[in-house]
Each structure stands twice: as C-alpha cells, then as structure tokens.
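Please study the sequence and the three-dimensional model together before reading on. The paragraphs below lead through them step by step.

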Amino acid sequence: MKYNKIVFCLVILILFTFTGCNGGTYSSLTSKDSSNGNHLQCSYTSFNGDKYYEVSMNSSSKLELGYNVKIKKGTLKIIVTNADKNVLWQKDFSQDDSNNITINTDSAKKVRITLVGESTSGEYTVNYNKK
C-alpha cells in the first residue's frame with residue numbers, strides 16, 4: 001500500500017512539472033503557472049527548456065504583446081513565430097525588463113509564443129491582444 005502511494009505521488013509530481021501550456025519540453029521546480037485567455041503568468045525557482053502557447057489570429061494582422069520579466073538568475077527568451085516557424089519577434093532577458101510592442105503577423109493564421117528558459121529563476125507575465 002505504501003508503494004502505491006509513492007508511485008501515485010511521483011505520477012502527480014511529473015504531471016505538474018510537465019503540464020500547463022500548449023506544448024514544449026521543459027522542467028521546472030516550485031513553479032506557479034497560469035494561462036487563461038490572453039494572459040500567461042509563471043513564477044519559478046528553476047526553469048529549463050521551452051514551452052509554447054499557440055494563438056489563432058483569425059483575420060487579425062497584428063499582435064500586441066506586453067511582457068514583464070523578472071530574472072533572478074540565468075536567461076529567459078520570448079520568441080514569436082508564425083506557422084512556418086519564421087521568427088516574427090524575439091528577445092533575450094538576463095535582467096528585469098518590461099515593455100509593450102506590436103508585432104506584424106501579416107497573414108499568419110496562427111502564431112506561437114515560445115518561452116525558453118536556460119537555468120533561470122524568476123517570473124514572467126505576458127499579455128497579448130489580436131488587432
């Protein structure tokens with residue numbers, strides 16, 4: 001019985017570590033991750049790898065992106081690509097930063113917002129609106 005509880009706890013831990021977005025391959029420790037509508041937020045003591053969120057653009061041709069990044073250590077990268085994996089916008093962070101930008105998505109039906117952590121600790125908030 002004790003063995004079953006240990007296995008169950010390990011399965012739950014693995015599920016919480018590797019879920020919470022549309023996709024990617026990453027590991028994180030002590031992370032609080034939420035995404036709803038056009039709002040992505042995460043705080044973590046360790047984040048390595050990449051996770052992504054796909055946004056259907058419909059007839060929109062611009063994506064307004066606001067970000068607030070706080071870095072304690074390591075680096076974080078935000079990349080916006082179209083369905084053909086062409087980079088529309090990218091920024092690397094090794095220190096705190098925040099900004100609001102407008103990205104021309106042309107006729108892309110979907111864009112992908114990818115967050116890449118490299119031995120990083122900190123938090124981020126990303127908001128987006130289609131225009």
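Is Lys110 buried, partly exposed or exposed? Lys110 is partly exposed, because its relative accessible area is 40%, and a residue counts as partly exposed when this value lies between the limits of 20% and 50%. This value, like every other one discussed here, was computed from a predicted model.

It is proper to ask next how confident the prediction is. The protein chain has a mean pLDDT of 83, and 78% of its residues reach 70 or more. Over residues 7-20, however, the pLDDT is below 50, and this stretch has 11 contacts in the model beyond near neighbours in sequence.

The strands may be considered now, beginning with a hairpin. Strand S2 comprises residues 32-36 and strand S3 comprises residues 39-56. Five bridges pair these two strands in the antiparallel sense. One of the bridge pairs involves Asn36, whose partner in S3 is His39. Two residues stand between the strands of this hairpin, and Gly37 takes a positive phi near 60° there.

Strand S3 also pairs with strand S7, which covers residues 110-130. S3 and S7 run antiparallel and are joined by 15 bridges. For example, the bridge partner of Ser43 in S7 is Glu123.

Side chains provide further links between S3 and S7. Glu54 forms a salt bridge with Lys110, and the closest N and O atoms are 3.9 Å apart. Since Glu54 lies in strand S3 and Lys110 in strand S7, this pair ties together parts that are 56 residues apart in sequence. Glu54 forms a salt bridge with Arg112 as well, with 2.8 Å between the closest N and O atoms. That pair, too, links distant parts of the chain, for Glu54 is in strand S3 and Arg112 is in strand S7, 58 residues apart. How accessible are these partners? Glu54 has a relative accessible area of 35% and is therefore partly exposed. Arg112 counts as partly exposed because its relative accessibility is 25%.

How many salt bridges does the structure hold? There are three. Besides the two formed by Glu54, the side chains of Asp97 and Lys91 meet in a salt bridge with an N to O distance of 3.3 Å. Glu54, Lys110 and Arg112 are joined into one network by salt bridges that share partners. As for the accessibility of the other pair, Asp97 is partly exposed, with a relative accessible area of 25%, and Lys91 is partly exposed at 28%.

A contrast is found at another position of strand S7, where Thr114 lies. Is Thr114 buried or exposed? Thr114 has a relative accessible area of 11% and is therefore buried, as the cut-off for a buried residue is under 20%. Leaving out residues up to four places away in sequence, Thr114 touches Asp50, Lys51 and Tyr52, and also Lys77, Ile78 and Ile79.

The last region to examine is strand S4, which spans residues 62-82 and includes Lys73. Which residues are in contact with Lys73, apart from neighbours within four places in sequence? They are Ser119, Thr120 and Ser121. Lys73 may also be compared with Thr45: the two residues are 28 places apart in sequence, and their C-alpha atoms are 9.3 Å apart in space.

How values were computed
Residues are numbered from 1 along each chain as its sequence is written. This is a predicted model: local features need pLDDT of at least 70, side-chain atom pairs count only at pLDDT 80 or more; totals for chains, interfaces and linings use all residues. Side-chain values use heavy atoms; hydrogens and water are left out. Two strands pair if DSSP finds at least two bridges between them. Helices (H or I, at least four residues) and strands (E, at least two) are DSSP runs, numbered from the N terminus. Buried means under 20% relative accessible area, exposed over 50%, partly exposed in between (1.4 Å probe, protein chains only). Contact means heavy atoms within 4.5 Å. pLDDT is the predictor's confidence in each residue, from 0 to 100. A salt bridge is a side-chain nitrogen of Lys or Arg within 4 Å of a carboxyl oxygen of Asp or Glu.
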